[in-house]
Amino acid sequence: MSRSRTKWILPLAAGVAASVLALSACSSGASGSASGVPSDKPLTVWVMGDSSKKFETLVEPFTKSTGIKVDAVAIPWDSIDQKLTTAVASGNGPDVVQIGVSKIRSFADTGGLLTLDQATIANYPNLAADKFVAGASGEATAVAGKVVSIPWVSDTRVLFYRSDILSASGISKPPTTWDELRGDAKTLTARGAGNYGYYIPQWDSALPVEMTWDQGGDVVDKTGNIDFNTPAFHKAVDVYAGLYADGSVPTNSDFDQVQGFTSGATPMVVSGPYLASAITAAAPELAGKWSAVPLPSAKAGTSLLAGSNLGVFAKTANKDGALQLLNYLSDTATQVSWYKADGDLPTVKTALTDDSLVSDPLFNVYAKQLADSKLLPLVSNWDGVTGKALLDSLNSIVLNHADRDSTLNTLYASTAGQSVK
């Protein structure tokens, strides 16, 4: 999940912060102590990736309202597992931590997260499960029946495409099925050396799962166990491996998807809304020459429901302040401002219908796809075990020409018995 975010910095307009302040002041429950007594205990928040500066700007109204200083510490995605493990062992961790949804199970298993049951969140109205989009709250944030986090930002995948390049190649509209995408990718690759039709991130374990969903199947069986040995997964592998066999995707592992898209080398890619911000920042001259549509389909068009949650460190010395901050971050105005600042989709239902967002055609594509999206299986350590085994197998087949059947049999054996329960 981590590497799906590219590193870019967008200046946060001064007006955004002002807007947050104004809107927060009008929003019930956006700030203020549950006890009604302001607290001045500082909070440390571990923010994933490179968005800590923008996060600190986002919470300035919160600090002004409550008197609680917020110190946002940027943690590289690749370091978070070790950091949390050390924090849990020592008892010295942040007050609030951002958690990729694929890691919730792992974090909860450490016992490092505060249980956010009804009694705990009773005085923080923005944290009620029904405030968030379906599928992102409640059971999706719970492990062993205990809610351990609240949704912070959503992420879903759509198909970005260069309309100018597709048109110049005689393709009048973006593909709507995976078969059409494979055909169009071959046409686009025929432009000549150094040009491809599509980009497959070799580190993205979600893509083959999305392809399986779109073939009408799943990678979890009825008993809750991981099961890749299904007709739908086999068809997904056909598409995945077929794109490589056609020569339609770059094979170098360090290929940059933003540069590939803006240069035109890979004019189609499945990615999240953050890619739009990256494209605009890197190549503003391409405005009007690219767009996005929902994910190609086969029997379905289901995409990934990903993103990040926020949890409270179990040993925080400022539980009330941490919950106040979560309540503020779950306010409609705050969520709208964060989308405008960082490109992350809101998780609060009222933010997703905000007039300033729905007037954006791209946002409507994201919102439509978000309504047809699913979480990756909540097994323990998806990134380090199940997803890794999946990628190792597929990359071995498409890059090293390993025998397909025996490689997949190894995948089935290595992931057998892994359960979401």
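I will go through the nonpolar cores, the salt bridges and one helix of this structure, which is a predicted model.

Let me start with the interior. The largest nonpolar core has 64 residues, and those with the most contacts inside it are Trp 178, Tyr 198, Tyr 240, Leu 243 and Met 268. Helix H10, which runs over residues 231-245, gives the most to this core, contributing 8 residues. Apart from it lies another core, of 32 residues, and among them are Phe 132, Ala 136, Leu 275 and Ala 351.

Now to the charged pairs, where the count comes to 8 salt bridges. One of these joins the side chains of Asp 246 and Arg 182, at 2.6 Å from N to O. Asp 246 lies in the loop between H10 and helix H11, whereas Arg 182 belongs to helix H8, so the pair ties together parts that are 64 residues apart in sequence. With a relative accessibility of 22%, Asp 246 counts as partly exposed, and Arg 182, with a relative accessible area of 29%, is partly exposed as well.

H10 itself also takes part in a salt bridge, for the side chains of Arg 404 and Asp 238 meet at 2.8 Å, N to O. Here Arg 404 sits in helix H19 (residues 404-415) and Asp 238 in helix H10, so that the pair links distant parts of the chain, 166 residues apart. Arg 404 is partly exposed at 28% relative accessibility, and Asp 238 is partly exposed at 40%.

A salt bridge within a single helix is that of Asp 392 with Lys 388, whose closest N and O atoms are 2.8 Å apart. Why are the two separated by about one helical turn? Asp 392 and Lys 388 are 4 residues apart in helix H18, which covers residues 382-400, and that spacing amounts to about one turn. An α-helix has 3.6 residues a turn, so residues three or four places apart point the same way. Asp 392 is partly exposed at 41% relative accessible area, and Lys 388 is partly exposed at 44%. Elsewhere, Asp 155, Arg 157 and Asp 204 are linked in a network of salt bridges.

Finally, I come to helix H17, residues 361-370, whose buried residues are Leu 362, Phe 363, Val 365, Tyr 366, Gln 369 and Leu 370. These buried residues cover an arc of only 155 degrees around the axis, which puts them on the same side of H17. The face turned away from that buried side carries the exposed residues Pro 361 and Lys 368. At the start of H17, a side-chain oxygen of Asp 360 comes to within 3.0 Å of the backbone nitrogen of Leu 362.

Note on methods
Residues numbered from 1 in each chain as written. Predicted model: local features only at pLDDT ≥ 70, side-chain atom pairs only at ≥ 80, totals over all residues. Heavy atoms only, no water. Buried < 20%, exposed > 50% of the residue type's maximum accessible area, 1.4 Å probe, protein only. Arc of directions from axis to C-beta. Polar contact = N/O pair within 3.5 Å; in protein donor to acceptor, adjacent residues only side chain to side chain. Core = buried A, V, L, I, M, F, W, Y, C linked by side-chain atoms within 4.5 Å. Salt bridge = Lys/Arg side-chain N within 4 Å of Asp/Glu carboxyl O.
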